[in-house]
Amino acid sequence: RRSPRAKFYEEIIGALEAAIGLFPDTRTTESGRIDMPAAKALLARMYLYNEQWDEAADMASQVIGHYGLELCPSLKDLWADDKTNNEFIWTTEFTEDDAFRQANGYWSWYAMYIDRFPGVQTMLKWTGYGGCQAIPSTYFMDLFDRDADKRWSDLHQWVWYYNDPADDRNDMFDADGIPQDRWTFIGMTKFYDHTRPGNMSELSDRSYPVIRLGELYLIRAEARIRSTTNQDLKGAAEDITELRKRAVNHEKPEYEEAMKVTEEDMTLDFILEERARELFGEWQRRLDLKRFGRLIDQVRIYNPDAKDNIKEYHVVRPIPQTQFDGMPDWTTLGQNEGY
């Protein structure tokens with residue numbers, strides 16, 4: 001039968017609180033294993049989702065300040081496909097071992113299809129074949145200061161070399177921002193995987209990060225802004241400053257100035273946009289828009305493909321048919337409104 005939202009969070013948070021009472025207060029040496037910092041990091045995320053601001057800030061602080069975790073100083077090293085680092089708190093593991101291996105398509109979802117251009121072919125060391133699952137919107141691209149913020153230049157395939165210099169963003173999108181060519185777009189490179197056994201293979205031993213330390217700084221900053229008992233805008237600005245250190249392009253003083261933040265910047269609008277800049281592709285955006293109460297409005301304003309189709313009831317997803325198939329009487333649960 002249908003349970004209220006609060007009951008779900010009671011179960012989730014209760015289980016995580018119980019877990020941190022059982023784990024050794026140390027970090028595991030085995031990649032992919034659940035340990036104390038993983039449990040605490042996920043608990044901080046759940047406190048944030050459940051609007052327990054002070055608890056979220058405290059739990060994030062515990063993760064940030066202990067266990068030997070640290071922000072990777074280089075964005076390229078953070079997302080390198082052949083390295084591990086101390087920022088990833090918990091990862092799901094993939095392997096090329098024949099007994100266990102499975103497809104890992106993350107790298108292709110955000111990549112364009114390049115082979116259709118004359119004289120260009122897929123190369124493992126340059127690009128995988130594009131899966132074209134997610135095309136960035138013009139809104140998303142405009143969130144970045146492209147000169148100052150290396151999260152743009154270091155983590156997007158933003159230059160392609162071919163013989164039509166007129167084919168730029170204005171050709172990719174019409175005046176309303178609707179993609180004109182869904183095979184050609186600025187791709188995200190976070191999950192590029194050059195360790196695969198071949199150009200067209202999806203097999204991989206690259207791990208996928210479920211949660212990382214960078215998110216904990218964002219959790220704590222947001223919780224400090226939202227707290228009704230202990231608001232700390234100065235602390236929030238310090239969190240964002242620490243997170244942005246590796247994203248600053250130091251080539252020119254004006255770039256460094258553009259990336260600075262102050263207490264006055266610490267608003268919910270800023271945090272929502274900063275989470276987009278830092279966590280793009282990491283499966284947080286829809287949840288963020290929903291919990292901020294912005295999903296419907298943002299889609300209607302910034303997603304011209306979906307603006308005429310999205311309805312208020314789309315804030316909640318439909319219950320899958322497979323859930324009903326296993327029930328003696330599906331009406332005891334009932335489908336979500338609108339579906």
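## Working around helix α3

Tyr67 sits in the loop between α3 and α4 (75–78). Helices and strands here are DSSP runs (H or I of at least four residues for helices, E of at least two for strands), numbered from the N terminus. You're looking at a predicted model, where local features need pLDDT of at least 70 and side-chain atom pairs count only at pLDDT 80 or more, while totals for chains, interfaces and linings use all residues. Residues are numbered from 1 along each chain as its sequence is written, and side-chain values use heavy atoms, with hydrogens and water left out.

### Phi on either side of α3

Work out what is unusual about phi at Tyr67, and do likewise for Glu51.

Step one is the background: most residues other than glycine have a negative phi.

Step two is Tyr67, just after α3, where phi is positive at about 75 degrees. Tyr67 is not a glycine, yet phi has this sign.

Step three is Glu51, in the loop between α2 and α3. Phi of Glu51 is also positive, about 65 degrees, and Glu51 isn't a glycine either.

Step four is exposure. Buried means under 20% relative accessible area, exposed means over 50%, and partly exposed is in between (1.4 Å probe, protein chains only). Tyr67 has 14%, so it's buried, whereas Glu51 has 49%, so it's partly exposed.

### The length of α3

Check whether the end-to-end distance of α3 (residues 53–65) agrees with its number of residues.

First, get the rule: the expected span is 1.5 Å times one less than the number of residues.

Next, apply it: the 13 residues of α3 should span 18 Å.

Last, compare: the end C-alpha atoms are 18 Å apart, so the two agree.

### The buried face of α3

List the buried residues of α3 and say what they pack against.

Go along the helix and you get Trp53, Ala56, Ala57, Met59, Ala60, Val63 and Ile64.

Then look at their partners: α1 (5–20), α2 (36–49), β1 (88–92) and α9 (213–226).

For a close-up from the α9 side, take Arg220, which is found in that helix. Arg220 has a relative accessible area of 11%, so it's buried. Contact means heavy atoms within 4.5 Å. Leaving aside neighbours within four places in sequence, Arg220 is in contact with Ala57, Ala60, Ser61, Ile64 and Asp239.

### How α2 packs on α3

Find the angle between α2 and α3 and name the arrangement.

Start with the geometry. Axes are lines fitted to C-alpha atoms, for helices over the stretch in contact, and angles run from 0 to 180 degrees between N-to-C directions. The angle for α2 and α3 is about 155 degrees, with the axes 8 Å apart.

Now sort that angle: under 35 degrees is roughly parallel, over 145 roughly antiparallel, 65 to 115 roughly perpendicular and the rest oblique. α2 and α3 are therefore roughly antiparallel.

Handedness comes next: a crossing is left-handed if the near helix is turned anticlockwise from the far one by less than a right angle, and right-handed if clockwise. This one is left-handed.

Finish with the residues. Pro37, Lys40, Ala41, Leu43, Ala44, Tyr47 and Leu48 of α2 meet Trp53, Glu55, Ala56, Met59, Ala60, Gln62 and Val63 of α3. Sorted by class, that's 11 nonpolar, 1 polar and 2 charged. Ala, Val, Leu, Ile, Met, Phe, Trp, Tyr, Cys and Pro count as nonpolar, Asp, Glu, Lys and Arg as charged, and the others, Gly among them, as polar.

### Other partners of α2

Repeat the analysis for α2 with α1 and with α9.

Take α1 to begin with: the angle is about 155 degrees and the axes are 9 Å apart. That makes α1 roughly antiparallel to α2. The crossing is left-handed. On the α1 side the contact includes Tyr9, Ile13 and Leu16, and on the α2 side Leu43 and Tyr47 are among the residues. The classes come to 12 nonpolar, no polar and 3 charged.

Then turn to α9: the axes come within 10 Å and cross at roughly 35 degrees. This crossing is left-handed too. Ala41, Ala44, Arg45 and Leu48 of α2 touch Glu215, Leu216, Ile219, Glu222 and Ala223 of α9. By class the contact has 6 nonpolar, no polar and 3 charged residues.
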